[in-house]
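Subject: A structure for you to explore

Hi there,

Here is the structure I promised to pass on to you. Please open it beside this email and follow along as you read.

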Amino acid sequence: MPSPVAMSSEADRVASYRSEPIDALKGVLILLVILGHNYYFGNYYPLWFNALYNFHVASFLLLPFLFSMRALEIGPFRDRVVRALAPQLAFLGMALVAYFALYVEKSGAGIADWLLAVGVALLVQNEEVLNSAAGFRHFWFLPAMITMMCLLYLYDRGALWVRRAILGGAFVWHLTIGLVPLEVARYIPWGLPIVGFLLLPGLLVRYFYGRIRWRPLGDLLLIGLWIALLFLVVKWRLFMGLAGDLGSVRSLLDPARLLFHGFFLLLSFFALLRLAAYLPSLFAKLGQVSLKLFLIVPLLWQIFWMAGGSRLSAESDVGLLLLVLGSMVLMVALGYALSRWIEQSRWNALLFPRSLAQWSQGLRPWQRER
């Protein structure tokens, strides 16, 4: 087993998410997210599916806490927001067009109802309303990530009273959002329910990440403890979905479960972080295109499902496992190939810009090459 990559210094942690161990972690997480979107996995392994939603998407939202934004000026921060906002608008726009063409009743009333749903979806950007307008649930994530980055930017660069206000609000939100009826929480915009809930765990991630000295034996014990607890979570059905609509999140009325799930989330994040340090470079390569895979694979999956994937089945346990793994490998391979093709094309500046200037350039009409 290779030696783990040493933890970055505080100075190294300021500016960029791009490093091989962090890319490898993103690679692990995007594979888990793709697995969570796999209908075979959800249908055939429902307990493991529910356990996965305890931590995999939430871990993505905890990633920004590994890096301080204190030295990040407004221009570079704006570019980070654009990196999430531009692909969100592009792929959501494509999904809306496809949904209108395939599913919306072409009558005055049908179109009016859909346009109302689109307006609500664009304003709120949460799971259920996006699904009603575009037929996809996963589009909630990038607005939530933007909200998380904005709050973290205010926290890192704000005055002491700003940091105290955000910390106090995070503590109260973490304890009470579980008391808010789902019908109300669903219309709190831009992923704020889950973002507010994860602010406190995220600040704990930052605190521990900067103080723990990672060692191979400690990594082994950490990963082993996480695997053992994961099996207990499945066995005892200790589920709390931390993605999209927070219908099962706990509150101060159930402090034991709230503390347990907080501990399990932190354990999962750090276990996957340390595991990623030992993984081959393939995972880092997947992590480098994790955003593209997140947006492209669900579209590919729907095409696959409509083209005959819904009719595939298996009788034996081995057959079911092969069906899950085979379909997942197919989606990842196709998504990775398409991601790399987009990177080399003119579409990249429009779909996945690295800055506001690049996005503006991508929005201009293409000029014929001379």
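Before we start, please keep in mind that this is a predicted model. Let's begin with a single residue, Asn38, which sits in the loop joining α1 (20–36) to α2 (39–44). Is Asn38 buried or exposed? Its relative accessible area is 3%, and since buried means under 20%, Asn38 is buried.

What does the side chain of Asn38 do there? One of its polar atoms lies 3.1 Å from the backbone nitrogen of Phe41. The Asn38 side chain also makes a polar contact, at 2.9 Å, with the side chain of Ser327. If you set aside the neighbours within four places in sequence, the residues in contact with Asn38 are Trp301, Val324, Ser327 and Met328.

Next, have a look at Trp359, which belongs to helix α18 (residues 356–363). Trp359 has a relative accessibility of 14%, so this residue counts as buried too. Try finding Ala86 as well: Ala86 and Trp359 are 273 residues apart along the chain, yet their C-alpha atoms are separated by 7.4 Å. Beyond its neighbours within four places in sequence, Trp359 is in contact with Val82, Ala86 and Leu89, and also with Ala349, Leu350 and Pro353.

Now for two pairs of helices. The first to look at is α5 (residues 74–103) with α15 (residues 290–306), which pack at an angle of about 15° with their axes 10 Å apart. Angles under 35 degrees count as roughly parallel, and α5 and α15 are therefore roughly parallel to each other. The crossing of α5 past α15 is left-handed. On the α5 side, the contact is made by Arg83, Pro87, Phe91 and Tyr103, and on the α15 side by Leu291, Leu295, Ile296, Leu299 and Met306. By class, that contact has eight nonpolar residues, no polar ones and one charged.

The other pair is α6 (residues 108–124) and α7 (residues 127–134), packed at an angle of about 145° with axes 8 Å apart. Here, α6 passes α7 in a left-handed crossing. Which residues meet between α6 and α7? From α6 come Trp114, Ala117, Val118, Val120, Ala121 and Val124, while α7 brings Val129, Leu130 and Ala133. This contact of α6 with α7 has nine nonpolar residues, with no polar and no charged ones.

Enjoy exploring, and do write back with any questions!

Best wishes

Definitions and conventions. Residues are numbered from 1 along each chain as its sequence is written. This is a predicted model: local features need pLDDT of at least 70, side-chain atom pairs count only at pLDDT 80 or more; totals for chains, interfaces and linings use all residues. Side-chain values use heavy atoms; hydrogens and water are left out. Helices (H or I, at least four residues) and strands (E, at least two) are DSSP runs, numbered from the N terminus. Buried means under 20% relative accessible area, exposed over 50%, partly exposed in between (1.4 Å probe, protein chains only). A polar contact is a pair of N or O atoms within 3.5 Å; within protein, one must be able to donate a hydrogen and the other to accept it, and residues adjacent in sequence count only if both atoms are side-chain atoms. Contact means heavy atoms within 4.5 Å. Axes are lines fitted to C-alpha atoms, for helices over the stretch in contact, and angles run from 0 to 180 degrees between N-to-C directions. A crossing is left-handed if the near helix is turned anticlockwise from the far one by less than a right angle, and right-handed if clockwise. Ala, Val, Leu, Ile, Met, Phe, Trp, Tyr, Cys and Pro count as nonpolar, Asp, Glu, Lys and Arg as charged, and the others, Gly among them, as polar. Angles under 35 degrees count as roughly parallel, over 145 as roughly antiparallel, 65 to 115 as roughly perpendicular and the rest as oblique.
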